[in-house]
Amino acid sequence: MIAETANPTIDLLLDRRSLVASKMIDPGPSVEELETILRCATRVPDHGKLNPWRIQVVQGDARRALGKVWGDIFKRNNPKALAEQLDFEYTRPCRAPLMLMVSTKIESLRIPPWEQILSGAAVCQNALIAATALGYHGQWLSEWPNYDEAAKTAAGLSTRDYFLGFIYIGTASEPPVERTRPDLKDVVTHYPAD
């Protein structure tokens, strides 16, 4: 635990930790809490005001439906997969009560695509922070469906768009483990260099 400051926002940012999706249980966010998470997620820097990202909410039975799609794709791509591997793939989206699939939606090239992708990455981070502020835990994952054209097509993405991540959100079944954070002297310099 980081020493607390007098600012709850700073405390949240200093203390936020990801929790492995398989360690998340019910309850997930309520309808009202989910709306708050989504509203926070979409308040990001967005050069050109393009909203160059989309969020698909996957919860309840939709998690199993998505798992069926992903499992079938995995099975087709891996015909020698073991039964345990297939079982995992068919239940992959079910590891937490809620999953947000965040993807790009690049429709204009008047703003560099990289800037639009970064805006979508900020959507992912804001969703994690909002979920944490509401008392939930989250994990932002990039998994094989990120890079699979059939998974993209099944989710309605165009060929030029990408998954930016799968954000799993739920209640912690156990406390997250703190990981080593970088020492600022190892990652921060001041310009111009001395």
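Q: Leaving aside neighbours within four places in sequence, which residues is I167 in contact with?
A: Contact means heavy atoms within 4.5 Å. Here I167 is in contact with L98, M99, L100, V102, C124, L128, Q139 and W140, leaving aside its neighbours within four places in sequence. This is a predicted model, where local features need pLDDT of at least 70, side-chain atom pairs count only at pLDDT 80 or more, and totals for chains, interfaces and linings use all residues. Residues are numbered from 1 along each chain as its sequence is written, and side-chain values use heavy atoms, with hydrogens and water left out.

Q: Which strands does strand 5 pair with, and how do they run?
A: Strands (E, at least two residues) and helices (H or I, at least four) are DSSP runs numbered from the N terminus, and two strands pair if DSSP finds at least two bridges between them. Strand 5 runs antiparallel to strand 3, with 6 bridges, to strand 4, with 5, and to strand 1, with 2. L98 stands opposite I169, while L141 has F166 as its bridge partner.

Q: How many residues of strand 5 are buried?
A: Buried means under 20% relative accessible area, with a 1.4 Å probe and protein chains only. In strand 5, 8 of the 10 residues are buried.

Q: What does the length of helix 5 tell us?
A: The expected span is 1.5 Å times one less than the number of residues. Helix 5 has 21 residues (113–133), so it should span 30 Å, and its end C-alpha atoms are indeed 30 Å apart. Just after helix 5, G135 takes a positive phi of about 95°.

Technical notes:
Buried < 20%, exposed > 50% of the residue type's maximum accessible area, 1.4 Å probe, protein only.
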